[in-house]
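Thanks for coming. I will go through one structure today, a few residues at a time, so please keep it open in front of you.

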Amino acid sequence: MYSEQAMIRCAIYRGGTSKGIYLLEHDLPKDHQVRDRAILAIYGSPDPRQINGLGGADSLTSKVAIIGPSRRPDADVDYTFGQVSITSPFIDYSGNCGNISSGVGPFAIDEGLIKVVEPITQVRIFNTNTQKIIVAEVPVVGGRAAVEGDCTIAGVPGSGARIMLNFLDSGGAVTGKVLPTGNVRDGISVAGYESLIVSIVDAAIPCVFVKAGDLGIKGTVLPAKINADPALLRTLEDIRGAAAEMIGLVKDRREATERSPAVPKMIFVSGAANCRNCEENLRDREISLIARAMSMQKAHKAYPVTGSICTAVAASIAGTIVNEVSGGPKDANRICIGHPAGTITVEIIVEHAGDEYQVKRAALERTARRILTGYVHVPVRYLFEK
């Protein structure tokens, strides 16, 4: 009946404030080029509407998780994250997504990849993108990952079961160093700005931070306004490209949009303020700082989990821009970030000796929900080597 199309098992999860397609590694072609062609076909990329696939024409819903039993003794499952480009035939595997990571534990439990323990199953996840371990504490009811609970996260309606994610030893996830340039601050020159001061930090994912005020904008600007300002978008991408070049992700900053569109993350920050930050009024005593993140060259509607960890680590390092605007966190082990959809709080412990920093704890709570279980149909022409 479906001789022209192959059927690949899949699950769609809402993980944190993102949504992605979760695939079993052994259901995919072994050749990575063929695999990526199949995944692009699953999403309907490249096409701005992704009309011929399951993609939602938004960077927050164009994400893939590839999961299988781990080959390592210290992990239960191996997990590879891919940011599927909407407009190009490209999947960016250079970094991880924390929100999609929150669905990996429930997926592993419900697919029978690990032994289940009630009421909490601890899932040790090896993220192949960063070569780091994430420990997910997943509530279990009746042998399956729990869905219902009282945990709420900004940017997601309702509540769900609390999944605690701890990104172990997350410093230097991509570059090998918490401070990839060796500095807490660096100068970057881009069109229109002779010298911008930035902080480049790598924890869970590399991020480049700049003060909102240095860009001539308010830190509380909302995503729609950011996305409606092409000059600002260009400047932010130029800064990101320059940082990508500085830390060795691309040889030429002009290649960053094509070759490393998701990493590093571009974030601008400002101090906590009594103002309308998002959908609610946030008092300055409740948050450590206000931040806005970019996702695939557009403003993130909430805030990335890996970016949250990196922001919290940066806030813990004296001399960084993030540490400065936070005024020195009120609680050194708990950083609360105000973002367009509300707040996100990270439990953080950073130790350092001299110029070396080690992230001892980087944990936060998320929720996840399986939305669909089934098969996605892929034209067989994508599944043969060319």
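In which helix is Ala 314 found? Ala 314 is in helix α7, which covers residues 305-315. Before going further, I should say that this is a predicted model.

Is Ala 314 buried or exposed? Ala 314 has a relative accessible area of 0%, so it counts as buried. Setting aside residues within four places in sequence, Ala 314 is in contact with Val 201, Phe 209, Thr 320, Val 322 and Asn 323. One distance for orientation: from the C-alpha atom of Ala 314 to that of Glu 351 is 12 Å, and these two are 37 residues apart along the chain.

Now the rest of that helix. In α7, 11 of the 11 residues are buried, so the helix is largely enclosed by the rest of the structure. The buried residues include Gly 307, Ser 308, Cys 310 and Thr 311, as well as Ala 314 itself.

That leads to the nonpolar cores. In general, nonpolar side chains in soluble globular proteins tend to be buried together. Here the largest nonpolar core has 64 residues, and the members that touch the most others are Val 123, Phe 209, Ile 309 and Val 313. Helix α7 supplies the largest share of this core, with seven residues. Phe 209, you may recall, is also one of the contacts of Ala 314.

What does Val 123 touch, leaving aside neighbours within four places in sequence? Among its contacts are Asp 76, Val 77, Gly 105, Ala 108, Ile 134 and Val 138. Apart from the largest core lies another, of 22 residues, and its members include Ile 200, Ala 243, Phe 268 and Ala 299.

Next, a charged residue. Asp 186 lies in strand β10, residues 186-190. Asp 186 is buried and has no salt bridge. How far away is the nearest side chain of opposite charge? That side chain belongs to Arg 185, and the distance is 9.5 Å. What Asp 186 does have is polar contacts. Its side chain meets the side chain of Thr 181 at 2.6 Å, and another polar contact, of 2.8 Å, joins it to the side chain of Asn 183. Not counting residues up to four places away in sequence, Asp 186 touches Thr 181, Leu 196, Ile 197, Val 198 and Met 246.

Another buried residue sits in a loop. Ser 102 lies between α2 (98-101) and α3 (104-110). Its relative accessible area is 1%, so Ser 102 is buried. Beyond four places in sequence, what Ser 102 touches includes Gly 15, Gly 16, Ile 163 and Arg 366.

On to salt bridges. How many does a search of the whole structure find? The count is 20. I will show three.

The side chains of Glu 25 and Arg 71 form one, at 3.1 Å from N to O. Glu 25 is in the loop between β2 and α1, and Arg 71 is in the loop between β3 and β4, so the pair ties together parts that are 46 residues apart in sequence. Glu 25 is partly exposed, with a relative accessible area of 33%, while Arg 71 counts as exposed at 62%. Glu 25 and Arg 71 also belong to a network of salt bridges together with Asp 78.

Another salt bridge joins Asp 74 and Arg 72, at 2.9 Å from N to O. Asp 74 is partly exposed, at 31% relative accessibility. Arg 72 is partly exposed too, with a relative accessible area of 31%.

The last of my three is between Arg 162 and Glu 365, where the closest N and O atoms are 2.7 Å apart. Arg 162 lies in the loop between β8 and β9, and Glu 365 in strand β20, so this pair ties together parts that are 203 residues apart in sequence. Arg 162 is partly exposed at 36%, and Glu 365 is partly exposed at 30%.

Finally, the cysteines. A disulfide is a covalent bond between the sulfur atoms of two cysteines. How many disulfides does this model have? The count is zero. Cys 10, for instance, is in no disulfide, and the nearest cysteine sulfur, that of Cys 97, is 18 Å away. Cys 10 is buried, with a relative accessible area of 8%. Cys 336 also counts as buried, at 11% relative accessibility.

That is the end of my part.

Note on methods
Residues are numbered from 1 along each chain as its sequence is written. This is a predicted model: local features need pLDDT of at least 70, side-chain atom pairs count only at pLDDT 80 or more; totals for chains, interfaces and linings use all residues. Side-chain values use heavy atoms; hydrogens and water are left out. Helices (H or I, at least four residues) and strands (E, at least two) are DSSP runs, numbered from the N terminus. Buried means under 20% relative accessible area, exposed over 50%, partly exposed in between (1.4 Å probe, protein chains only). Lys and Arg count as positive and Asp and Glu as negative; His and the chain ends are not counted. A salt bridge is a side-chain nitrogen of Lys or Arg within 4 Å of a carboxyl oxygen of Asp or Glu. A polar contact is a pair of N or O atoms within 3.5 Å; within protein, one must be able to donate a hydrogen and the other to accept it, and residues adjacent in sequence count only if both atoms are side-chain atoms. Contact means heavy atoms within 4.5 Å. A nonpolar core is a set of buried Ala, Val, Leu, Ile, Met, Phe, Trp, Tyr and Cys residues joined through side-chain atoms within 4.5 Å. A disulfide is a pair of cysteine sulfur atoms within 2.5 Å.
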